[in-house]
Amino acid sequence: MGTLDGKVALVSGSGRGIGREIALKLASEGAAVVVNDLDPAPATQTEQDIKATGGQAVTCVGSVSEDGFAERFVNTAVESFGGLDIIVNNAGYTWDSVIQKMTDEQWDTILDVNLKAPFRILRAAQPYIKANPTDYHRKVVNISSTSGFYGNAGQANYGSAKAGLIGLTKTLAKEWGRYGVNVNAVAYGFIVTRMTEVTAETNTTLNIDGRDIRVGVNPDRMAAMATTIPFGRGGTPKEAAGAVYLLCTPESDYVNSQCLVVDAGRV
């Protein structure tokens with residue numbers, strides 16, 4: 001018996017990294033998962049890995065920023081598994097510059113993927129949630145960041161989007177409480193993923209949605225992690241997923257409108 005038996009979950013950006021670990025964790029506890037990624041290969045791999053352990057999964061490939069994606073994502077859950085109980089808005093990435101060098105394209109792109117896309121997914125889900133009441137609590141977990149909580153140099157776009165996501169979380173918690181939906185957020189600190197495992201001086205880029213995005217962490221900041229994080233290291237994607245799982249369990253049924261900071265006590 002799993003904690004989430006019979007539940008249906010949407011997890012955006014779940015082909016890689018933290019999102020993949022969230023999808024695997026929810027599935028291991030019995031949830032049927034709609035997996036999403038920009039690229040078919042990682043999404044399919046996550047789906048296959050869930051099914052290999054006896055779980056249920058289906059993929060919905062595409063950019064969360066695309067017009068019509070939100071409705072397609074929600075409909076995939078309802079049509080494939082007959083319901084919708086958990087929404088994890090995880091998809092996102094950074095595109096950093098100091099403000100005087102940041103272009104409108106950088107600003108708009110990061111606001112679209114990290115804030116507008118979750119808004120659209122939640123808006124698309126509302127008619128189904130309202131029309132199909134349940135006798136248990138549904139869950140929404142929005143993935144924010146300590147950059148939205150405390151700010152971070154070079155991330156005016158990302159920090160603004162993630163701060164806005166906390167505001168969206170608190171607003172939806174009040175709007176959706178009458179439907180028995182818990183709406184919370186998780187703000188991650190330094191989690192080791194493909195975007196943070198290298199230093200910025202390596203000039204590493206990743207192709208994301210057709211753009212070559214420079215990734216990596218400032219070398220001085222990377223070196224400081226050993227002393228500023230009480231555990232002396234960054235978190236793993238699996239550890240990050242655990243925080244989301246906590247907010248999806250029945251034990252969190254009276255936790256609402258909260259933003260759980262997951263940074264190992266760094267700040």
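This report describes aromatic pairs, lysine–ring contacts and the surroundings of one strand in a predicted model.

## Aromatic pairs

Two aromatic pairs are counted in the model. In one of them, the ring centres of F69 and F73 are 5.0 Å apart and the planes meet at 35°, so this pair is classed as tilted. An angle of 35° falls between the limits of under 30 degrees for stacked and over 60 for edge-to-face. Both residues belong to helix α3, which spans residues 69–81. Their separation of four residues corresponds to about one turn of the helix. F69 is buried, because its relative accessible area is 1%, and F73 is likewise buried, with a value of 1%.

F149 and Y150 make up an edge-to-face pair, with 5.2 Å between the ring centres and 65° between the planes. F149 is partly exposed at a relative accessible area of 38%, and Y150 is also partly exposed, at 43%. Both values lie between the 20% limit for buried and the 50% limit for exposed residues, which is why neither residue is assigned to those classes.

## Lysines over tyrosine rings

Two lysines are placed over tyrosine rings. K7 lies over the face of Y136, at a distance of 4.5 Å from the ring centre. The charged end of K25 is positioned over the ring of Y245, 4.6 Å from the centre of that ring.

## Enclosure of strand β5

Strand β5 covers residues 138–145, and eight of its eight residues are buried, so the strand is largely enclosed by the rest of the structure. In a regular strand, side chains alternate between the two faces of the sheet. Both faces of β5 are covered. One side carries R138, V140, N142 and S144, and the other carries K139, V141, I143 and S145; all of these residues are buried.

## Strand partners of β5

Strand β4, residues 86–89, pairs with β5 in the parallel sense through four bridges. Within this pairing, I87 has V140 of β5 as its bridge partner; V140 is also among the buried residues of β5. Helix α4, residues 104–131, together with β4 and β5, forms a right-handed β-α-β unit.

Strand β6, residues 181–188, also runs parallel to β5, and eight bridges join these two strands. Here K139 stands opposite N182 of β6. K139 lies on the side of β5 that also carries V141, I143 and S145, whereas V140, the partner of I87, lies on the other side with R138, N142 and S144.

Definitions and conventions: Residues are numbered from 1 along each chain as its sequence is written. This is a predicted model: local features need pLDDT of at least 70, side-chain atom pairs count only at pLDDT 80 or more; totals for chains, interfaces and linings use all residues. Side-chain values use heavy atoms; hydrogens and water are left out. Rings of Phe, Tyr and Trp (its six-membered ring) pair if their centres lie within 6.5 Å; planes under 30 degrees apart count as stacked, over 60 as edge-to-face and the rest as tilted. Buried means under 20% relative accessible area, exposed over 50%, partly exposed in between (1.4 Å probe, protein chains only). A charge sits over a ring if NZ of Lys or CZ of Arg is within 6 Å of the ring centre and within 35 degrees of the ring normal. Two strands pair if DSSP finds at least two bridges between them. A crossover is right-handed if, with the strands pointing away from the viewer, the path from the first strand over the helix to the second runs clockwise.
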